[in-house]
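Here's a short tour of the empty spaces in a protein and of what sits around its ligand. Keep the 3D view open while you read.

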Amino acid sequence: MDYNIKDRDAAKCPFGIFADQAGYFPEARKRAVIPFKCSEFSVVKGEGNVVFTGKTEYFGFDEPSGDEVYIADFSEIKDEGCYRITAGGQRSAEFRIARDVYKGLSESLLKAFYYLRCGCGLTEEFAGKFAHAPCHTQKAVLWENRDVSLDVSGGWHDAGDYGRYVTAAACALSHLLYGFKMYPKAAGTLSSGIPESGNGLPDLLNECRYELEWLMKMQSPEGGAYHKVTTAKHAPFVMPEEDREQLYIFPVSSMATADMAAVCALAAGVYREYDGEFAERLKCAALAAYKWLEENPKFIGFDNPEGCGTGGYGERDDYSNCYWAAAEMYALTGEEKYHEDIHKALQKQFPLTFLGYEQIGGQGSLAYLLCPHKTDPSLRAKLIEAFTDRAAYLKKISDKCGYGVAMGLPDYHWGSSMEILKRCMVFKIADFFSGKDEYKEYALGQIHCIMGVNALGYSYVTGQGDFCCNDPHLRPAYADGIEECIPGFVAGGANGNPCDGPAKALIPEGTPPMKCYADVAGSYSLNEVAIYWNSPGVMAMLAVTENE
Ligand code: 9MR
Ligand code: ZN
């Protein structure tokens with residue numbers, strides 16, 4: 001696809017040693033990766049005081065990166081401050097050791113949702129130089145009946161494109177809302193500097209409300225959820241307010257409807273204590289969507305109709321979505337019929353711990369495990385075991401990777417950063433329910449990878465760290481003409497099977513998957529952003545900072 005993008009040359013990493021560019025907690029395990037032969041390393045404080053010298057540990061050949069890896073373990077350093085690792089004439093980026101190393105990162109990851117708000121202008125007061133005029137405020141027409149026009153304005157742009165998709169939205173909201181439910185201390189104090197800040201509601205809930213208001217507009221009169229609202233084709237790389245093409249609302253799908261029931265029920269429970277009226281509206285939307293599912297038991301998937309080229313978000317079945325919906329409805333209402341529906345849904349085969357938009361059963365399991373009503377002890381035990389087994393499996397994979405990443409070779413696909421962050425969440429969820437601190441370091445290991453402990457040394461979050469991606473496939477970030485990228489966006493990341501022109505031109509055949517990345521705006525399969533790639537970032541941050 002030609003988007004008329006002139007890609008800038010991606011910068012080369014100025015660092016030969018890879019550390020977390022945000023930093024490390026004082027008491028945590030601290031490791032940097034050295035991808036060349038060396039036996040000794042130093043830790044340098046500030047402007048060059050060597051505070052520690054240690055022997056490296058030879059890890060061996062690391063398959064995902066193709067590197068011979070040496071590990072520099074400097075866990076002994078616990079004093080707060082700014083440091084670098086040096087060895088063999090190379091150095092790492094500067095990083096901090098402190099209890100609040102992830103504060104800025106957490107806020108920035110949440111603030112990214114504000115930058116994606118649609119249907120309103122971003123003002124200079126909150127968006128600074130990234131302010132822009134209101135976008136996509138016009139009514140949209142039904143794709144299948146152009147005489148019907150509806151107001152479905154609001155919500156977040158999905159990603160680098162300006163589409164708004166219900167299943168993607170529900171997934172992102174679920175990560176944020178579970179982050180809030182499970183880690184209330186961290187979530188309650190996270191402030192992102194948005195127009196609603198200071199109104200008595202935590203900013204995470206303010207931000208989610210912006211999306212939920214839109215989501216409820218996507219409900220059909222019969223209770224089904226329209227799958228998406230987009231233009232017929234992706235816009236060129238223009239600012240959102242310059243994308244004035246006709247907006248279309250696409251038909252109802254089962255996945256979108258089940259996800260709408262689920263996430264509205266989840267949100268109704270969360271907002272109940274802050275805003276009874278809003279919670280009631282959410283509950284009504286959830287009930288109507290669930291009723292639609294009962295009345296329309298046959299699966300209705302989604303394929304782009306001819307003439308439409310925006311994101312599809314098709315799924316092969318809606319098993320995990322229906323499980324999630326039943327579990328949230330039960331958690332909200334305590335009605336036995338939903339409990340029975342959970343058991344019915346579990347007769348189908350799907351992963352119980354996956355937290356993505358396509359396999360969303362993990363959210364169903366969280367709903368059940370956190371449910372305030374009577375639960376079945378054997379099902380509870382089974383779900384907890386599913387998370388702890390998954391964490392144990394991911395631990396083994398991390399141990400086999402020189403960079404400590406819980407990713408096997410095939411896991412480096414489109415949006416691998418999301419996979420890494422979801423793995424961090426699985427480690428933390430397993431610990432949450434087992435009551436142990438078994439996987440703490442493994443969870444942090446995944447964050448370290450996103451923040452620079454990876455074969456290219458990138459921080460995969462825009463504006464965070466001295467060497468971070470800066471040219472993501474994000475329309476406003478390109479069209480605004482500002483060199484510095486809008487901060488806080490998680491880039492898709494390394495992808496062993498990139499499928500767009502720029503990526504194919506830039507990544508030589510046979511490149512190890514962890515190195516299949518380029519920071520160029522033209523590549524959507526390497527460098528796009530998406531709401532459900534930022535949301536596991538926020539949830540992971542809440543999880544790892546809750547007790548710091
Ligand atoms: O995140 C999606 C990824 O898992 C798929 O492989 C890819 C191709 O279908 O689509 C991605 O989703 C995109 C969506 O279709 C449209 N908005 C941008 C999304 C992120 O790239
Ligand atoms: Zn918009």
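## What lines the largest pocket

Let's start with the walls. The lining of the largest pocket is made up of 16 nonpolar, 13 polar and 13 charged residues. Keep in mind that you're looking at a predicted model.

As for the space itself, the largest pocket has a volume of about 1000 Å³. There are 42 residues in its lining, and Tyr 313, Tyr 357, Glu 358, Trp 414 and Tyr 532 are the ones nearest its centre. Three elements each give two or more residues to that lining: α8 (319–333), α12 (416–434) and α17 (531–545). The top contributor is α12, with 5 residues.

You can also look at the walls by domain. Domain 1 (1–115 + 437–548) and domain 2 (132–315) each provide at least three residues of the pocket's lining.

## Around the ligand

Which residues are around ligand 1? Going along the chain, you'll find Asp 158, Ala 159, Asp 161, Tyr 165, Gly 311, Tyr 313, Tyr 357, Trp 414, Glu 528, Tyr 532 and Trp 533. Some of these names should ring a bell: Tyr 313, Tyr 357, Trp 414 and Tyr 532 are also among the residues nearest the centre of the largest pocket.

Now zoom in on the polar contacts. Two of them involve nitrogen on the ligand's side: a nitrogen atom of ligand 1 is 2.9 Å from an N or O atom in the side chain of Asp 158, and a polar side-chain atom of Asp 161 lies 3.0 Å from a nitrogen atom of ligand 1. With Glu 528, the ligand uses oxygen instead: an oxygen atom of ligand 1 sits 2.9 Å from an N or O atom in that side chain. How much of ligand 1 does the protein bury? On its own, ligand 1 exposes 460 Å², and the protein buries 74% of that.

## The closed spaces

Pockets aren't the whole story. The structure also has 6 cavities of 30 Å³ or more, and the largest cavity has a volume of about 80 Å³.

Its lining consists of Tyr 412, Ser 416, Ser 417, Ile 420, Cys 449, Ile 450, Asn 454, Tyr 460, Gly 493, Ala 494 and Met 514. Sorted by type, that's 7 nonpolar and 4 polar residues, with no charged ones. Both α12 and α13 (440–450) supply at least two residues of this lining. Here again α12 has the largest share, this time with 3 residues.

Technical notes:
Residues numbered from 1 in each chain as written. Chains lettered and ligands numbered in written order. Predicted model: local features only at pLDDT ≥ 70, side-chain atom pairs only at ≥ 80, totals over all residues. Heavy atoms only, no water. 1 Å grid on protein atoms, 1.4 Å probe; cavity = no way out; pocket = protein on both sides within 12 Å on 5 of 7 lines; lining within 4 Å. Points joined across faces, edges and corners; volume = space filled by probe spheres on them. Helix = DSSP H or I, 4+ residues; strand = E, 2+ residues; numbered from the N terminus. Nonpolar A, V, L, I, M, F, W, Y, C, P; charged D, E, K, R; others polar. Domains from an automatic or database assignment. Near = heavy atom within 4 Å. Polar contact = N/O pair within 3.5 Å; in protein donor to acceptor, adjacent residues only side chain to side chain. Areas by Shrake-Rupley, 256 points an atom, 1.4 Å probe, with all protein chains shown as cover.
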